[in-house]
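Colleague: I should be grateful for a close look at the aromatic side chains in this model. Please set them in the context of the whole chain and describe their surroundings in turn.

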Amino acid sequence: MTAALHTGLILFSFVVVCESEPTHAGPDKVGEAHGKSRLVHLTSHWAFQLANDSLAFSRADRFCRGQFSSLATLERSEDQEGVLELLRQTGHRSPIWVRDPSKATSRAVALSKQYVQFSALNFPKESREGFARVNVSFPTLSSVSVCVRVQWNPEWNEVSTIFSYAAPVFTNEFQLRGQVDVQGRILLALIIHGKHLPYKASFHNDGAWHHICVTWLRSSGHWAIYVDGDRKDMGSGTDSSRNIYGDGIFILGQDQDSFGGNFTEPFFGNITDLNVWNMSLETRHVHALNACSPITQEVLFSWNLADLSSHPMVKEVQVLLFCPAVHQQMELQGCRTLQGWSDQLPLLGLTDCSDPLLFICRSRRERYLKMKQMTDSQNSQPTAFMNHLMKLSNKTQAVLGQQPSGLSSQAEASALLDISAQALEDTQQEGLQPTDMVSIIQLLSLAADVPAQPLTEASNHSRDPVQELSRHFISVADSIISEDNALKWQAIKEVVSGPMDVVQSIDRMLTSLGPRLMAETDHLIILRPNIKVEVQQQRLQEASRGVSFCGPETEKHTKLDCISVPQQKIQDLHSNGFLQLTLVNTWYGSLWPLFNPEENITMVPTVTDGSQRYLGTVLGSSVISTTVMGDNQPVSTAVRFQLQHRVQNPTGTVYDPVCAFWDFDLTPEAGGWWNTKGCDVVSKQYGYTVCSCNHTTNFALLLQVYEAQRSPENEKALQVLTFIGCGVSLCGLLFTFILFIAVGVPKSDRTTVHKNLIVSLGIAELLLMCSDWASANEAACFVVTALLHLFFMASFSWMLVEGLLLWSKVVSVNISEDRRMKLYYIIGWGLPVLIVGVTLTVAVDEYKADDHCWLNVHTDTIWAFVGPVVFVLVVNTVVLCRVVMVTVSSARRRSKMLSPSSASKMQTFDLTWAVTRPVLILLPVLGLTWLCGVLVHLSVVVAYVFIALNALQGLYIFFVYAVYNSEVRNAIKRIKEKRKALSFTNCSQPTSFLPSQRAPITSWGRSPPTPSSPETSETSGPPSSTYTSLVIKNESFRKESFVSFSLKPASGNQVVQLTGFKPSGC
């Protein structure tokens, strides 16, 4: 243990640079343990560091990442100049690793993109005679590689032959066979030139597909067996005196005891993807083939059922195989290297990624200088944490430096994390310094990259060390992402990208150790104050349920932070051939205070209707993540999560939540950034939000901050006034409609349009009053939203018809009334139905708002209402202006005709009234009061005016188009006259009437008068002469009772014959 801690402290300490800061562009030597050195070259923007230690490409990349830098690229001229100068100063000539920026970071891809359908051969257990022959002529082979995918029948325990190659002169020339051991593993062995090699390479007899490759090279006698991309066995010492004979027969599923026959030791199961090469494949080739990337050079046979002849018992079947390389495009030729220079231009090449080479790390100049400053401070005066760490490790001084080779074993990483956790706990009162924070973050990055021990080589008691490593790792990570360290995170932001660097290290560690953690348990929970980790595993079946994970409970009666994989997605994994599911879930409760609150997250505001002023976006929740592994392979699937709002609303602001995830590839130099692609808000509730995303990663809620335009008191008052105003308006519309029906207003196009407008507007306002009650039910709220859209659109359509009708009265339009009304009905009802139907068809998922029953204003759906409304308002504004112009022109002509010499004051009054009267009458029916809605966001006063004008629209229509409408008043007058006429018919005695002295009548004629009705008088034009009023007193009634008649003058004297009847009972 002491030796492990000694080595660990070497790795854990900072990079030591020279005492004086370089002021020139030359290399700056960096002290290293074991006498090695690292050189640094500074440019105006970058720092290039040459690590004088050779590593494989992946380990070199991890080392640079642990130094908060990246492998150098040669895409920009400044990078080329910096690398060239550093190599010139050091005299280094051999190839070095460089990063290819066009090669994307490997990540889990969608399940549907990872599986490829293959045609396979099924060798049934019912017959021992099944075989398949490869119909290809093979040459003499000095080297050979054979790769095949097999699915072993778990019920077969005897020796089986996967393939056998027999030559005419020698039967057991090249063969691969397998057998089941007592532990249930399939052991593999090769036969080369008749020599049977030992059974050592193995895989579990689990019924799953496995990729097997065997290689042989005559020149060295070297052979190897690979299983699922990993080399399981290798050796040499085979007969290298001759090649493998040509013109042989290649048989699948049987051993040839004679050339092409006498089959024994059959194979039972499925076989596919057989490929044969006239070369010895390297490890990188096998890795690529395991991921389904083809290799075409030196190929002798590629899998094709047309080139096979099989026994009748062998059947063709279709299978799905896991093939991530199909979409990840793995680099088969190797990793990029800098080979040299030609005319100041880099010469790039490709080298096997496992070869150890030197490399150059590139970081920003400011970050490097800050690191140097912090290292000098730690070197001259170690902090309390570092002193205590040295005390726990029994060291008198820290060995400063860091080997690029990193931590070599999980035991070493676990021991170092253990004493680090103890030191953090013991120095809790002193607290961490910024230099300590950087050291611990580097340690976590190194520990996360420790190679995982293969499961097949693990002992039965290997679970505890792995769990201890995980618990120590989480304990140390929990300490540095504590809210108490928020200010220290701001102090190291020039060096460390942010707290998401720790999250990335945790993700790498858990993904790497996930299969090991589940070796002897199917459920593991690690709980710390700021972090909760849960790893669970299950066998996939037809009835597998969805899986969920929640953060720790905080307060009673509050929603938890939870994430889940829907049941349908679990079923999809099973349907695609997965047998085992592993989920790694993590919750981080203290990350949001660590992000700088003054650093605005750049995002497009979701509220774009101008009703609120956008202030910025902040992280407003915990961070929750899930990693899904099918058969220990990371896959991406859709998830659903809900998160509490952790940020309180300051006075005068409101928040709108946005579902987001941290994208490490978005801005690699900055460690990543927030992204919203593929994530949507499912529902917004008070205090929490539910989201869905089509992939797996680290999720959070971003809260967009808006300046509150209205106080809660004003919002409540506006809601109450809207409800009351809608009720009053609805009553006014109802009374108007009843009056139109009851009093028998003469039928005309104008009254018909009025009635349709009243019906549509009345139903819309009734639905608006009921919308709050419907919001509790999702289905009911959707229906109410669609009906509100329909009837408000119908209201505006009939307002448009009102404008068109008025235009037809002002401007002569040669269209018959019947044809005109058909057009009006199409516009008034047909157009709204069309708009709503098309909108529902195109955007049904984005149709309704999340928290109320109306259209979604955060998407383009709202334009299905706003667009037509704006069009109606523009048209009706033009109509109103035209009406005012005609009215003013008529008033001027009338004024000049009646009183040409009248005073200008009187003329001004007439013109003013001529303008005001049509505006007051037409504003509500044309819907122009809705123009105030455009200005609502400017002031709360405008909001009150808008609600008053539109909520009382129905009452205004009642007064203007019912109470003061001449047609309605005439209809009421006719009803009264009919009633009085009926009262005369019911009288039983004649009554004499005397003419009033007010009427100058001299004589009476015998012919009765023919008075015209109000309808006739209105339509027959002006009379030829004036009427004379006659007032007759009924002597039988009270003295105040009079009856008035209108007499039409005849030629000569005015005469009328009257006969009165006294009603019975009068």
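**Aromatic side chains and their surroundings**

Modeller: Among contacts in the chain between residues at least 6 apart in sequence, 75% join residues at least 24 apart. The model is a predicted one. Its secondary structure comes to 23 helices and 46 strands, and 47% of the 1066 residues of the chain count as buried. The chain exposes about 51700 Å², of which carbon and sulfur atoms supply 54%.

Against that background, the aromatic rings can be taken up. A search of the whole structure finds 23 aromatic pairs. One of them is formed by Phe63 and Phe359, an edge-to-face pair with 5.7 Å from centre to centre and 70° between the planes. This pair links distant parts of the chain, since Phe63 belongs to helix H2 (residues 57-66) and Phe359 to strand S27 (residues 357-364), 296 residues apart. Phe63 counts as buried because its relative accessibility is 2%, under the 20% limit. Phe359 is likewise buried, with a relative accessible area of 0%.

A further pair is that of Phe791 and Trp829, which is edge-to-face, with 6.4 Å between the centres and 80° between the planes. Phe791 lies in helix H16 (residues 778-810) and Trp829 in helix H17 (residues 817-842), so the pair ties together parts that are 38 residues apart in sequence. The two partners fall into separate accessibility classes: Phe791, at 16% relative accessibility, counts as buried, whereas Trp829, at 25%, counts as partly exposed.

Trp829 also appears in the surroundings of a polar residue, Asn756. Asn756 touches Trp798, Tyr825 and Trp829, not counting residues up to four places away in sequence. Asn756 itself lies in helix H15 (residues 749-774) and is buried, with a relative accessible area of 12%.

Rings also gather in a group beyond simple pairs: Phe138, Phe163, Tyr165, Phe174 and Phe250 are linked by ring pairs into a cluster.

Two arginines are placed over aromatic rings. Arg362 has its charged end over the ring of Trp46, at 4.0 Å from the ring centre. Arg242 lies over the face of Phe170, and there the distance from the ring centre is 5.6 Å.

Phe123 merits separate attention for its contacts. Phe123 is found in strand S7 (residues 115-123) and is buried, with a relative accessible area of 2%. Not counting residues up to four places away in sequence, Phe123 touches Gly130, Phe131, Ala132, Leu252, Gly253, Phe267, Phe268, Gly269, Asn270, Ile271 and Val314. Its C-alpha atom is separated by 9.4 Å from that of His311, a residue 188 positions away along the chain.

The backbone at Phe68 is also of interest. Most residues other than glycine have a negative phi. Phe68, although not a glycine, has a positive phi of about 60°. Phe68 is located in the loop between H2 and strand S5 (70-71); H2 is also the helix that holds Phe63. Phe68 is buried, with a relative accessible area of 7%. A non-aromatic residue offers a second case of this kind: Cys292 has a positive phi of about 75° and is not a glycine. Cys292 is found in the loop between helix H4 (283-290) and strand S22 (299-301), and with a relative accessible area of 16% Cys292 is buried.

Finally, aromatic side chains also take part in a surface feature. Val720, Phe723, Ile724, Val728 and Trp773 form a nonpolar patch on the surface, with about 500 Å² of accessible area together. Helix H14 (residues 712-742) supplies the largest share of this patch, four residues. Val720 lies in helix H14. Val720 counts as partly exposed because its relative accessible area of 40% falls between the 20% and 50% limits.

In summary, the aromatic residues described here include the buried Phe63 and Phe359, the partly exposed Trp829, and Phe723 and Trp773 in the nonpolar surface patch.

How values were computed
Residues numbered from 1 in each chain as written. Heavy atoms only, no water. Phe/Tyr/Trp six-rings, centres within 6.5 Å; stacked < 30°, edge-to-face > 60°. Helix = DSSP H or I, 4+ residues; strand = E, 2+ residues; numbered from the N terminus. Buried < 20%, exposed > 50% of the residue type's maximum accessible area, 1.4 Å probe, protein only. Lys NZ or Arg CZ within 6 Å of the ring centre and 35° of its normal. Contact = heavy atoms within 4.5 Å. Areas by Shrake-Rupley, 256 points an atom, 1.4 Å probe, with all protein chains shown as cover. Patch = residues over 30% accessible without salt bridge, like charges linked within 9 Å, V, L, I, M, F, W, Y side chains within 5 Å. Salt bridge = Lys/Arg side-chain N within 4 Å of Asp/Glu carboxyl O.
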